[in-house]
Amino acid sequence: MLYFAGYAMWNYLTAPYLLTLPGVVVEELEPWSEAGQDWRRLRATFPDTIATHAREQTFHYDAAGLLRRHDYAAEVLGSPPAAHLSKKHETVSGLVFPTHRYVLPLAKDGRVLPEPTLIAIDLTEILVV
């Protein structure tokens, strides 16, 4: 569990810069409509050298460039596909961090199911040094 939590938080706090690491292949997908908004989507394929939830993941960004949703199936947990939703973005030292995150299951058609909440994370204090 410590391994999972450690690499997971590193991934969450370094995205989207994580997508610029050597070996990460990124391609833009068709836009996705959700909650009355059109979001741009990026599919990222990660090399084995980067500890992450899954080799292939999809990131959804709103018109302001903020991460709103991150889809993956956490291989280390043997989990089915899930949507990691991000809200309450805060700017700290010029960097933007979503401070409220929660994970919900995905339907086969890509829709986010309303329950159960699989994981919830609230960051109350962020310091960039």
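Reader: How do β4 and β5 pair, and over how many bridges?
Author: In this predicted model, strand β4 (residues 67–72) and strand β5 (residues 82–92) pair in the antiparallel sense over 4 bridges. Strands here are DSSP E runs of at least two residues, helices are H or I runs of at least four, and both are numbered from the N terminus. Two strands count as paired if DSSP finds at least two bridges between them.

Reader: Which residues of β5 face histidine 70 and arginine 69?
Author: Histidine 84 is the bridge partner of histidine 70, and leucine 85 stands opposite arginine 69.

Reader: What about the numbering and the confidence limits?
Author: Residues are numbered from 1 along each chain as its sequence is written. Local features need pLDDT of at least 70 and side-chain atom pairs count only at pLDDT 80 or more, while totals for chains, interfaces and linings use all residues; side-chain values use heavy atoms, with hydrogens and water left out.

Reader: How do β5 and β6 connect?
Author: They form a hairpin with 2 residues between them, and serine 93 in the turn has a positive phi of about 50°. The two strands pair in the antiparallel sense over 10 bridges. Alanine 82 has proline 105 of β6 as its bridge partner.

Reader: What is the strand order of the sheet?
Author: The 7 strands form an open sheet in the order β1-β2-β3-β4-β5-β6-β7, with antiparallel pairing. Its edge strands are β1 (25–34) and β7 (119–122), each of which pairs on one side only. On average, neighbouring strands are turned by 25° against each other, direction ignored.

Reader: Which strands does helix α1 touch?
Author: Helix α1 (residues 2–14) packs on the sheet and touches β4, β5, β6 (95–105) and β7; its direction makes about 55° with that of β7. Contact means heavy atoms within 4.5 Å. Axes are lines fitted to C-alpha atoms, for helices over the stretch in contact, and angles run from 0 to 180 degrees between N-to-C directions.

Reader: Threonine 58, buried or exposed?
Author: Threonine 58 is buried because its relative accessible area is 14%, where buried means under 20%, exposed over 50% and partly exposed in between (1.4 Å probe, protein chains only). The residue is found in strand β3 (residues 56–61). Beyond four places in sequence, threonine 58 touches Leu29, Arg41, Leu42, Arg43, Arg69, His70 and Asp71.

Reader: And where is isoleucine 126?
Author: Isoleucine 126 is found in the segment after β7. With a relative accessible area of 22%, isoleucine 126 is partly exposed. Leaving aside neighbours within four places in sequence, isoleucine 126 is in contact with Val92, Phe97 and Thr99.

Reader: Which residues make up the largest nonpolar core?
Author: That core has 10 residues: Ala15, Leu18, Leu19, Val24, Ala44, Phe46, Ile50, Phe59, Tyr61 and Leu67. A nonpolar core is a set of buried Ala, Val, Leu, Ile, Met, Phe, Trp, Tyr and Cys residues joined through side-chain atoms within 4.5 Å. A second, separate core of 9 residues includes Tyr7, Tyr12, Ala82 and Val103.

Reader: What does leucine 67 contact?
Author: Apart from neighbours within four places in sequence, leucine 67 is in contact with Phe59, His60, Tyr61, Ser86 and His89.
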